[in-house]
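Colleague: Please take a close look at one part of this model for me, the packing of its interior. I would like one connected account.

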Amino acid sequence: MSNEDHVLLEWSYTPESFFEEPVAVLCEGVEIRIEGGKATAKLEPESYDAEHRTREELHEVVRGYFKAEQVMTHQAFTLEKPSVTKMHADGRRDRTVFVEGVTARISMDCKVDVVITRADGTVVDTRKERLDRNREFRELCEKWRNDWLLRRMLASYGAAVNDPEDEFVHLYEIRDALQVCFGKNMKRWPLNIDDDKYSRFEKLLNHREIRQSRHRGLRLRDLRDATATELEEARALAREFVEA
């Protein structure tokens, strides 16, 4: 440990396995490491302001990474705002803990990974492909984190995870946000997504027999829960729209 003065920010989150691999974020010269239920950032004392604005700014960056990962994994999380510890060269520590947090219903899903060796000797590692894709998506979201459309879509996806009874209502908000940005004619949206996918998304999320549907009020009885296949299809389409 360095003997020089520094400021240490520490976040706690659940579940500890929310990210399948350690995540390193570089923001304005500050490295944030996320792993095993903890996120940490080490700053020079002169770069940390007395009003804690730096803490708030870095928290938004960390929170953005969680919301991006949530789109790819459909997993809920809790993320506390960071404590602040001023580490002095003489060994003294001044720690400030803030009683607040971003909380959400915790759910877990099961990922099945396989390694396939084709006849030509090509190896396909599904876990590596998934981790690479998730990493690229997080970095893309960080690049555009101040974009209003992205922020709105990520918020809607998070609401879909945390409010499963109205999941399709929240997922449809993603389509609504895209319509505000690109117009009502989905065929003209510059997202390079097949027209059939737009149609399928609308049909699925408006299905009046499904309990999570936007149009469930049009059917007075015999509502049913969406099947696992329907849920995954709706989430995959919403994910594709956000990614595009």
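Modeller: Happy to; here is the interior, starting with the overall setting.

This is a predicted model, in which local features need pLDDT of at least 70 and side-chain atom pairs count only at pLDDT 80 or more, while totals for chains, interfaces and linings use all residues. Numbering runs from 1 along each chain as its sequence is written, and side-chain values use heavy atoms, with hydrogens and water left out.

The protein has six helices and 10 strands; these are DSSP runs, numbered from the N terminus (helices H or I, at least four residues; strands E, at least two). Of its 244 residues, 41% count as buried, where buried means under 20% relative accessible area, exposed over 50% and partly exposed in between (1.4 Å probe, protein chains only). Among contacts between residues at least 6 apart in sequence, 63% join residues at least 24 apart, a contact being heavy atoms within 4.5 Å.

Now to the core itself. In soluble globular proteins, nonpolar side chains tend to be buried together. The largest nonpolar core here has 35 residues, and the members touching the most others are Phe 168, Leu 171, Ile 174, Leu 178, Phe 201 and Leu 205. Two or more residues each come from α1 (53-73), α2 (126-143), α3 (148-162), α4, α5 (195-205) and α6 (228-243), with α3 giving the largest share, seven residues. By nonpolar core I mean a set of buried Ala, Val, Leu, Ile, Met, Phe, Trp, Tyr and Cys residues joined through side-chain atoms within 4.5 Å. A second, separate core of 24 residues includes Trp 11, Val 30, Ala 39 and Ala 41.

Let us stay with α3. Its 15 residues reach 21 Å from first C-alpha to last, close to the 21 Å expected at 1.5 Å a residue; that expected span is 1.5 Å times one less than the number of residues. Buried residues of α3 include Leu 150, Met 153, Leu 154, Tyr 157 and Val 161, and the buried residues of this helix pack against α1, α2, α4 and α6. At the N-terminal end, Asp 147 acts as a cap, with a side-chain oxygen 3.1 Å from the backbone nitrogen of Leu 149.

Phe 201 is worth a pause too. Beyond its neighbours within four places in sequence, Phe 201 is in contact with Leu 171, Tyr 172, Arg 175, Ala 234, Leu 237, Ala 238 and Phe 241.

That list leads to a charged partner. Arg 175 lies in α4, residues 167-182, and counts as buried because its relative accessibility is 11%. Its side chain makes a polar contact of 2.7 Å with that of Glu 202 and another of 3.3 Å with that of Asp 176. A polar contact is a pair of N or O atoms within 3.5 Å; within protein, one must be able to donate a hydrogen and the other to accept it, and residues adjacent in sequence count only if both atoms are side-chain atoms. Not counting residues up to four places away in sequence, Arg 175 touches Met 186, Trp 189, Phe 201 and Glu 202.

Finally, the cysteines. Cys 141 counts as buried because its relative accessibility is 6%, whereas Cys 181 is partly exposed at 36%. The structure holds zero disulfides, a disulfide being a pair of cysteine sulfur atoms within 2.5 Å.
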